[in-house]
Amino acid sequence: MPTLDELRIKHPEIRADFTIDQNWDRYSAAEHGIWRTLYRRQADVLRGRACDEFLDGVKKCGLVADRIPDFERLSEDLRKATGWVVVAVPSLVPDDIFFDHLANRRFPAGQFIRRADQLDYIEEPDVFHDVFGHVPMLAHPVFADYMEAYGKGGQRAVAEFGMLKNLARLYWYTVEFGLIAKPEGMRIYGSGIVSSRAESIYAVESKSPNRVHFDLERVMRTDYRIDDFQESYFVISSFDELFEQTYKDFAPLYARLKSGPTYRPGDVLASDRVHMLGNRSYIGGSHAVG
Ligand code: PHE
Ligand code: FE
């Protein structure tokens, strides 16, 4: 990850909290066009796949296909909904900076937009992933509280426990790749899924991945893949459930996590509450390592 000094070459105005000016006026017509293409594809694919909370958030935040959102205007809508704001950053920021933003209800969003030849995949989070993917859920009151609590929990995990790796798995399997079971079927809320056309279809319809009911300790013991679609998704039945499972002191949990197994991304355990077993998996736990 580049240092502040390195980033200052391209962004002379960068501040100590890694925020920069969005400079909305400087996006080109071609850049707004990339947003439009991505937005339209996702609006289409997410009907009947994303949860209503996400789709409502898109509306509440005033996200439209026409243009990359202006963070100032976006923040006004979001502040009214839940008190969150969006600030611009060059891209990924150091963990402590990231947690400080979340703990104070500021969502750091990448300022740049991917190139036309990167519509399906980029390594670094851009404005489409960060804003279209993450911001709609921040308009949901319970999810908004969860994200602030995560920021505070991140600070604690680093400073007091040295358990960031375990906590990062929680972020991965909820904020980025979470599914929610609704009466009408399996729905997406994770930003890594909603900002990807192919994974939006895969996460809901493919017979390949496991869909296992969310359990905090199970998730914190499970490695994840960053280079491919997920082999397992963890499913909540409501955002209240997610909040209730996580709104407690993690100290005893961190103590337990110091020993015991780590699971591989595709493992299914006898103790799992399985919504759908992937067709590449078998129940066991014999895969467990560590
Ligand atoms: N309850 C956690 C702790 O005690 C903090 C947290 C809340 C983390 C919600 C993630 C999500 O550290
Ligand atoms: Fe993300």
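This is a short guided tour of a predicted model, with a suggestion at each stop of what to select.

**Stop one: the loop after the opening helix**

Start by selecting Thr19, which sits in the loop that runs between helix H1 (4-10) and helix H2 (29-46). Is Thr19 buried or exposed? Its relative accessibility is 6%, so Thr19 counts as buried, the cut-off for that label being under 20%.

Now show what surrounds Thr19. Setting aside neighbours within four places in sequence, you will find Thr19 in contact with Glu13, Ile14, Val87, Ala88, Val89 and His101. Two polar contacts are worth drawing as dashed lines. One runs from the side chain of Thr19 to the side chain of Arg15, at 2.8 Å. The other links the side chains of Thr19 and Asp17, at 2.7 Å. For a sense of scale, add Tyr254: 235 residues along the chain from Thr19, with 32 Å between the two C-alpha atoms.

Stay in this loop and select His11, which also has its place between H1 and H2. With a relative accessibility of 13%, His11 counts as buried. If you leave out neighbours within four places in sequence, His11 is in contact with Ile20 and Pro90.

Before moving on, click Asn23, again in the loop between H1 and H2. Asn23 is partly exposed, with a relative accessible area of 30%. Its backbone deserves a look too: phi of Asn23 is positive, near 50°, in a residue other than glycine.

**Stop two: helix H5 and what covers it**

Next, select helix H5, residues 95-103. Which residues of H5 are buried? They are Ile97, Phe98, Phe99, His101, Leu102 and Ala103. You have met His101 already, as a contact of Thr19.

To see what lies over these buried residues, switch on strand S1 (85-89), strand S2 (106-110), helix H7 (141-161) and helix H8 (164-176), which are included in the cover.

Then follow the chain out of H5 to Arg105, in the loop between H5 and S2. Arg105 has a positive phi of about 60° although it is not a glycine. At 16% relative accessibility, Arg105 counts as buried.

**Stop three: H5 against H7**

Keep H5 on screen and add H7. Two packed helices are described by the angle between their axes and the distance between the axes. Here the axes of H5 and H7 are 7 Å apart, and the helices pack at about 145°. H5 passes H7 in a left-handed crossing.

Colour the residues that meet. From H5 these are Phe99, Asp100, Leu102 and Ala103; from H7 they are Met147, Glu148, Tyr150, Gly151, Lys152, Gly154, Gln155 and Val158. By class, this contact of H5 with H7 divides into six nonpolar, three polar and three charged residues.

**Stop four: H7 against H8**

Now hide H5 and bring in H8 beside H7. How do H7 and H8 cross? Their axes come within 9 Å and cross at roughly 165°. Angles over 145 degrees count as roughly antiparallel, and H7 and H8 are therefore roughly antiparallel to each other. Their crossing is left-handed.

On the H7 side, select Phe143, Tyr146, Met147, Tyr150, Gly153, Gly154, Ala157 and Val158. On the H8 side, select Leu164, Leu167, Ala168, Leu170, Tyr171, Thr174 and Val175. This contact of H7 with H8 has twelve nonpolar, three polar and no charged residues.

**Stop five: Asp126, just ahead of H6**

Move along to Asp126, in the loop between S2 and helix H6 (127-138). Asp126 is buried, with a relative accessible area of 0%. Not counting residues up to four places away in sequence, Asp126 touches Gly110, Phe112, Ile113 and Arg114. Draw one more dashed line here: a polar atom of the Asp126 side chain lies 3.0 Å from the backbone nitrogen of His129. To link back to H5, add Ile97; Asp126 and Ile97 are 29 residues apart in sequence and 18 Å apart in space, C-alpha to C-alpha.

**Last stop: Glu72**

Finish with Glu72, in helix H4 (residues 71-82). Is Glu72 buried or exposed? With a relative accessible area of 63%, Glu72 is exposed. Select Arg106 as a partner for your final distance: Glu72 and Arg106 are 34 residues apart along the chain, and their C-alpha atoms are separated by 12 Å.

Conventions: Residues are numbered from 1 along each chain as its sequence is written. Chains are lettered from A and ligands numbered from 1 in the order in which they are written. This is a predicted model: local features need pLDDT of at least 70, side-chain atom pairs count only at pLDDT 80 or more; totals for chains, interfaces and linings use all residues. Side-chain values use heavy atoms; hydrogens and water are left out. Helices (H or I, at least four residues) and strands (E, at least two) are DSSP runs, numbered from the N terminus. Buried means under 20% relative accessible area, exposed over 50%, partly exposed in between (1.4 Å probe, protein chains only). Contact means heavy atoms within 4.5 Å. A polar contact is a pair of N or O atoms within 3.5 Å; within protein, one must be able to donate a hydrogen and the other to accept it, and residues adjacent in sequence count only if both atoms are side-chain atoms. Axes are lines fitted to C-alpha atoms, for helices over the stretch in contact, and angles run from 0 to 180 degrees between N-to-C directions. Angles under 35 degrees count as roughly parallel, over 145 as roughly antiparallel, 65 to 115 as roughly perpendicular and the rest as oblique. A crossing is left-handed if the near helix is turned anticlockwise from the far one by less than a right angle, and right-handed if clockwise. Ala, Val, Leu, Ile, Met, Phe, Trp, Tyr, Cys and Pro count as nonpolar, Asp, Glu, Lys and Arg as charged, and the others, Gly among them, as polar.
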